[in-house]
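Reader: I've got this one open on my screen and I'd like to talk it through. Could you take my questions one at a time?

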Amino acid sequence: MSASITAERRVAVASRRVSSTQSWLRSDRRVGVALLVPAFAVFAVFVFYPLGKVIWLSMQGTDIFGQAAGFVGAKNFVTIFTDPQFGATMLRTGAFCLAVVAGRIVLGLLITIPLTTKLRGIPVFRALLTSPMVVSVSAASVAFAAMLAPGNGLVNSVITRFGGSDIPFLTSTQWAFASVIVVTVWGSIGFTVLLLLGAFGAIDNDVIEAAHLDGAGPLRTLWSISLPLVTPTLFFVVVTGAVEALTTFGQIQILTGGGPANSTTTLVYNIYQSAFGAGSANFGLAAALGVVLFLLVLALSLVQFGVLEKRVNY
Amino acid sequence: MRSALLYVWLVAAVIVVCFPLYYILEGALTPTAWLDQGLEGLVPIHLTLDNVIRATQVIPLGRQFGNSLAVTVCQTVLQVAIGIAAAYALVFCRLRGTRALFLVLLSSMMIPAETTLIANYLTISSWHLIDTVPAVFLPFVASALSIFLFRQAFLSFPGELRDAALLDGAGHFRFIRSMLLPVVRPTLISVTLVSATAAWNGFFWPLLVTNSPDNRTVQVGIAQLSNAEATDIGVVLAGAAMVTLPVLIVVLLAQRFLAGGITAGALK
């Protein structure tokens with residue numbers, strides 16, 4: 001008798017507990033959905049909808065006010081791809097990305113490798129050599145514009161003092177492109193060194209010591225042990241560096257305005273000029289260029305996720 | 001011998017890498033006439049605040065500083081709050097389809113802002129927000145990277161502990177504030193610093209959506225200062241120094257957190 005009451009009670013308690021757990025789970029889910037709404041609303045309005053809108057705009061004509069004016073199919077893309085200027089812009093953009101990425105990798109390694117030795121004062125050197133990170137694109141560009149100015153600019157005043165002649169760093173087709181590359185590499189070197197320091201720091205010391213015991217010198221250890229072990233990070237720097245270089249804007253806008261004679265106009269600067277440049281508001285054309293940029297960034301991102309995920313997870 | 005060579009190399013690297021930063025800070029406090037001397041101008045012996053004062057007379061730098069500060073605070077606070085909320089939901093709330101949501105987040109990182117800004121410009125202008133402070137930060141109040149970093153940190157928090165706290169009657173907000181966030185403090189600090197620096201340093205988008213000098217951010221302001229006063233190097237460098245100094249100070253104060261946060265983002 002009493003045993004069956006206890007059993008009944010136990011069943012009742014258990015079922016109440018199950019139902020309360022279920023309702024608790026349900027309310028937990030409701031809260032979860034509510035907490036996701038802000039983030040996904042922002043992405044919907046400012047990332048995914050604009051992407052769709054840009055793809056739609058890329059197939060629209062443009063009236064004199066820059067507004068969309070009717071479906072034109074692939075006309076904007078035909079305009080772009082048959083324009084010899086566009087071919088030149090894409091080649092320039094590619095050369096810019098290659099030069100910036102190569103500069104970052106080579107200088108980054110040349111600076112980081114000595115920083116991984118056990119010399120006295122290394123923390124100070126590390127802090128100093130990563131410090132360019134704090135300078136914004138805008139501040140770096142105006143400072144370099146001042147340094148590279150003709151006449152009284154610092155670099156030219158030194159050149160002329162030692163008997164050279166004034167170099168038009170920012171105003172000649174011969175120099176402007178290289179100047180923008182140098183400023184961009186400088187601006188990204190601090191971050192590159194920080195990333196590489198992290199990668200070298202993560203190498204197991206036992207591996208290095210084992211190599212030493214086996215008679216490998218420092219250069220041999222670096223080449224055969226350390227560098228292969230940091231390749232995932234090097235690869236990360238290459239891909240994200242390429243995307244960053246591809247989307248460079250501030251340096252070009254401030255240093256050269258895309259000139260002289262378009263010699264520093266890249267794909268992104270071309271988007272800006274087509275949509276917002278003086279007297280040429282053509283949102284359809286700008287959107288088509290934006291779609292080209294999206295496809296390039298997408299390809300680079302897929303390479304990154306494909307390769308990096310495999311490497312990092314072994 | 002070898003360490004001497006390494007020191008020479010490192011010192012040379014410091015001179016090359018840090019020179020522009022030195023030039024900005026020294027030039028900001030040095031009269032243009034002395035800077036114009038070339039090499040001699042690099043010796044800081046005529047220090048003055050005159051450049052800074054004249055810079056504020058050319059453009060409304062104080063006002064622009066305020067705009068940048070407002071943009072940075074709003075963007076950072078919202079990005080962190082929205083990031084914590086989304087990561088909490090993804091990690092703890094046993095939602096169905098989190099994998100799909102995660103893929104949506106991943107894919108949003110593959111869409112460059114330089115592609116979407118044409119459409120975002122049209123959106124902001126249809127909301128009549130062009131030339132206002134909200135226009136500058138609204139598109140960036142959620143960041144996929146911040147959500148990722150918070151998610152990564154939350155994953156190490158034991159789920160049973162959270163269930164126990166909630167069954168004991170703690171609300172979601174109370175749990176997040178007094179149990180979760182103290183545990184993930186390093187991530188909280190580094191995400192805050194990284195998003196604040198990005199907000200403060202923005203250039204392309206603020207340039208597009210503002211147009212009157214009073215509504216510009218300070219980054220756009222100093223670019224226009226450099227354009228207007230190109231030959232007055234001291235004034236130009238004073239502008240550059242004023243936007244750099246706040247970041248420099250924050251980074252010096254919090255270097256270890258910043259380094260950890262950035263590499264966590266890179267190696268996610």
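Reader: How many residue pairs are in polar contact between domain 1 of chain A and domain 2 of chain A?

Author: Keep in mind that this is a predicted model, and side-chain atom pairs count only at pLDDT 80 or more. There are no salt bridges between domain 1 and domain 2 of chain A. For residue pairs in polar contact, with both at pLDDT 80 or more, the count between these two domains of chain A is also zero.

Reader: OK, so which classes of residue does domain 1 of chain A put against domain 2 of chain A?

Author: Four residues of domain 1 of chain A are in contact with four of domain 2 of chain A. On the domain 1 side there are no polar and no charged residues, and the four are nonpolar.

Reader: How much area do the two domains of chain A bury between them?

Author: Domain 1 covers 2–57 and domain 2 covers 85–311 of chain A, with their C-alpha centres 45 Å apart. Of the area buried between them, 88% is on carbon and sulfur atoms. On the domain 1 side, Leu51(A), Val54(A) and Leu57(A) lose the most, together 85% of what that side buries. The total for both domains is about 380 Å².

Reader: Over to chain B: is Thr30(B) buried or exposed?

Author: Thr30(B) sits in the loop between helix 1 (2–28) and helix 2 (32–35) of chain B. Leaving out residues up to four places away in sequence, Thr30(B) touches several others, including His46(B), Asn51(B) and Gly234(B). The cut-off for buried is under 20% relative accessible area. Thr30(B) has 0% relative accessibility, so Thr30(B) counts as buried.

Conventions
Residues numbered from 1 in each chain as written. Chains lettered and ligands numbered in written order. Predicted model: local features only at pLDDT ≥ 70, side-chain atom pairs only at ≥ 80, totals over all residues. Heavy atoms only, no water. Domains from an automatic or database assignment. Contact = heavy atoms within 4.5 Å. Buried area = accessible area lost by both parts, 1.4 Å probe. Salt bridge = Lys/Arg side-chain N within 4 Å of Asp/Glu carboxyl O. Polar contact = N/O pair within 3.5 Å; in protein donor to acceptor, adjacent residues only side chain to side chain. Nonpolar A, V, L, I, M, F, W, Y, C, P; charged D, E, K, R; others polar. Helix = DSSP H or I, 4+ residues; strand = E, 2+ residues; numbered from the N terminus. Buried < 20%, exposed > 50% of the residue type's maximum accessible area, 1.4 Å probe, protein only.
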